[in-house]
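Welcome! Let us take a walk through this structure together, one group of contacts at a time.

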Amino acid sequence: MTSPRTSTDISPAFASPALGWLLLLPALLGTLITLLLPTVQTILLSLQSAGLTGPSVFVGLANYGQVLGQGAFWKALVFTLSITVIPLLVAVVVGPLLALALDWSGAWPRRAGRIVLSLAIVAFSPVAVAVSWMRGLMPEASGLATMAEGLRDPATAPGTLQLILAAATFGVVCALATMAFLPALRGGTVSPAMLAVGGLVALAMVAAGLQTFAIGLTMTHGGPNGSTQTLSLVQYTYSFMVGRVGLGAAVATVMGLVLGVLGIGAVCVAAASGMRITVEPRGATPDQAVVRAGSGAKVIVGVVALVVVAAVGLALTWPWLSALLAPVQPGSAAPSGWRTVLNTWAPALIGALVSVGVAYLGALGIGGLRPLGRRSEWLLLVFAPWLFVGMGPLSLADWRTIRGMSLIDSFIALVQPVLVSVPALLILTLLCKGLAARAGKDFLSGVVLPSLPMAGILVLAVTLVNGQELLWPLLVAQDPGLATAPVELLTRTSGYTSAPPDVGLATPLAVVAVALIGIVAAQLLYLDRLAITVGRSRADASPA
C-alpha cells in the first residue's frame, strides 16, 4: 500500500470570499432554473388532474392516494429495489477488494488494472446491451443469452431480468467502484477514507438502481403483465403513454424525494468526514510494493485478482460481444450514417461542456476560495437534493417547458436541459478543497491549473453518459432525422422480426477509440495520482 508525500497543510493566502461567491453564482442560477423550478413544477403537476395537453383541475393529494393505494406501485418499488441488490454488492465488496489487491501489488499492476477497467466504462451502452441479450429469444440462440427465454413468463421474468441486469452491469459497476476506492488507499487515512468512499458508493448505487429505465424498456417494456415494471417505467407509462400527467408527476415526486434524501446523505458524509482530494506530484509516492522484499508475491496477487475479475466480466459480457462481432444478416437495417452520430454525440458534448463548466466555476468558489471558511463545503447542501437525480424525475416538467418553447423536434432540444452537473460539482469541490489546503502558490497555479484536468475528465464522462441517454431524446425528437443512436436502436428492436439490429450502432468505433484514448491517458497521467483523505486538515483547523 502506498503512502503520499507528507506536506504541510496551510491556509491559502489567496482566499477571497467575494470572488468565491461570484464564481458560485452561475451554479446557483443553473440550479434554480434547471433543477429547482422543474422540481416545483413537477410537484404542482402532481396536485392536478390533467393530460399531456388541455386544461387541468386541482385535485390536491388525490393522485398520491391513487398511486400509493395501488398494488402496482408497490410491486414496481419492490422489483426496482431487488434489481439493485447484486450491483450494490459488487460495488461495495468486489470493488474495494480489487482496489486493495491492485494497490498492494504496486505501480504496473495498478495501472494495468486501470486500463482494463476503462474498457468496461467506455464500451457500456444500456440499450445495446439489452438488444444483445434479446438475441437469446431467437430460435438459433445459444449460450448465456438464452437465459432471456425466462422473460416470456410472468412468473420467471422478474428474476431473469434481475440476473441479466446484474450480468450486464458487472463490468461497469466494478470498474467505477474500484476507481473510486483506489485514491482512498493513497491518502494517509486509509480506513476512514475507505468507509467514507464506501458510503458514497453505496448511496450512488441505490440511487442509480431506483432510476433503471433503458434496459427494462428495451427488453420487456415492463411486461409480461407488468411483472418487470420499475418506478421509472411506471412514471413514463403514466406521463407519456396513457397521458395521466398527475399520476406520473406523483410518482416522479416520490422518486425525487427519495433521491433527494440520498443526495443529502451523500453530501453530509463527504462534508462531515472532512473528505478532500489531492493530486500527488509525479514521483512523490514511491511504490513500496516494488521496493520491499517479497513484492513478487504481491504482484501475483494483484495480477490474479485482475485476471479473475476481467474473466468474469468478459464471460458476463459475452452476449454483447458476440452480438457486436456477429456478421450483418440479410434483412438487417443498414447502419446509420454521420447524422445519427451527430445527433447522439454533439448534443451530449454541448451539454457536458455547459454543465461541467458551470460546476467547475462553483467548485473553484466553494472548494478553492472557501467563502464560509472551513465550513464552505456545507454549501453543497444547496445542491445535494439533485446530486443523484437523472432525467427521469424531472422529465415531465422539462418536456412541457420544451414544448411550450416550440422546440420539440429541433436539434437544440436534444441537449439535456441541465445547466449544472451536481456530481461534477461535488467531485471538483473536494478536489479544489484539497488543492487549496496544500497550495503554497497563487490561486491560478495552486488550484486552477491542477484541477483543470479533472474538469476535462468529467466532461468526457458526462458526454458518455449523455450520449447513452434514452429517455430524453425519446421524448423530444419524434422526427426520425433527429433520432439518436439509442433511440434508433430501440426503434429497430421494436420492429425487427428475423434479423436483429446492429448493436454497434450505440458504440461506434471512432467514438469508442477517442474516448478510450482519452480515459486511458487520464488514468495513467492524472487519476492514478489522486489521493482521498478524510479528517480535518490544518487549514480547516485554523480559524475561519
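A good place to begin is with the aromatic rings, of which four pairs are counted here. Keep in mind along the way that this is a predicted model. Phe 73 and Trp 74 make up one of these pairs, arranged edge-to-face, with 5.2 Å from centre to centre and 85 degrees between the planes. The two partners have their own surroundings: Phe 73 is buried, at a relative accessible area of 5%, while Trp 74 is partly exposed, at 43%.

Another edge-to-face pair joins Phe 213 and Tyr 236, whose ring centres are 5.4 Å apart and whose planes meet at 70 degrees. Phe 213 sits in the loop between α7 (190-210) and α8 (214-219), and Tyr 236 belongs to helix α9 (residues 231-241), so this pair ties together parts 23 residues apart in sequence. With a relative accessibility of 10%, Phe 213 counts as buried, and Tyr 236 is buried as well, at 12%. If you follow the rings onward, you will find a cluster in which ring pairs link Phe 213, Tyr 236, Phe 240 and Trp 399.

Now for the charged side chains. Side chains of opposite charge can pair when their charged atoms come close. In this model there are eight salt bridges. One of them connects Arg 111 to Asp 528, with 3.0 Å between the closest N and O atoms. Arg 111 is part of helix α4 (residues 107-123), whereas Asp 528 is found in the loop between α19 (509-525) and β4 (530-533), so the bridge ties together parts of the chain that are 417 residues apart in sequence. Arg 111 is partly exposed, at 37% relative accessibility, but Asp 528 is buried, at 2%.

Next, look at Lys 433 and Glu 377, which form a salt bridge with their closest N and O atoms 2.8 Å apart. This pair, too, links distant parts of the chain: Lys 433 is in helix α15 (residues 422-438) and Glu 377 in the loop between α13 (338-368) and α14 (391-404), 56 residues apart. Both Lys 433 and Glu 377 are buried. Elsewhere, salt bridges with shared partners bring Arg 110, Arg 111, Arg 114 and Asp 528 into one network. A further salt bridge runs between Arg 152 and Glu 149, where the closest N and O atoms are 2.8 Å apart; Glu 149 is partly exposed, at 36% relative accessibility.

Let us turn to the strands. β3 and β4 pair in the antiparallel sense over four bridges, and Ile 277 stands opposite Ile 532 in β4. Along β4, Leu 530 and Ile 532 point one way while Ala 531 and Thr 533 point the other, and all of them are buried.

Just along the chain is Glu 280, in the loop between β3 (276-279) and α11 (288-291). Glu 280 is buried, with 1% relative accessible area. What does the side chain of Glu 280 make a polar contact with? Its partner is the side chain of Arg 438, at 3.2 Å.

Our last stop is the cysteines. A disulfide is a covalent bond between the sulfur atoms of two cysteines. How many disulfides does the structure hold? The count is zero. As for individual cysteines, Cys 174 is buried, at 1% relative accessible area, and Cys 432 is buried too, at 0%.

Key: Residues numbered from 1 in each chain as written. Predicted model: local features only at pLDDT ≥ 70, side-chain atom pairs only at ≥ 80, totals over all residues. Heavy atoms only, no water. Salt bridge = Lys/Arg side-chain N within 4 Å of Asp/Glu carboxyl O. Helix = DSSP H or I, 4+ residues; strand = E, 2+ residues; numbered from the N terminus. Buried < 20%, exposed > 50% of the residue type's maximum accessible area, 1.4 Å probe, protein only. Disulfide = S-S within 2.5 Å. Polar contact = N/O pair within 3.5 Å; in protein donor to acceptor, adjacent residues only side chain to side chain. Pairing = 2+ DSSP bridges. Phe/Tyr/Trp six-rings, centres within 6.5 Å; stacked < 30°, edge-to-face > 60°.
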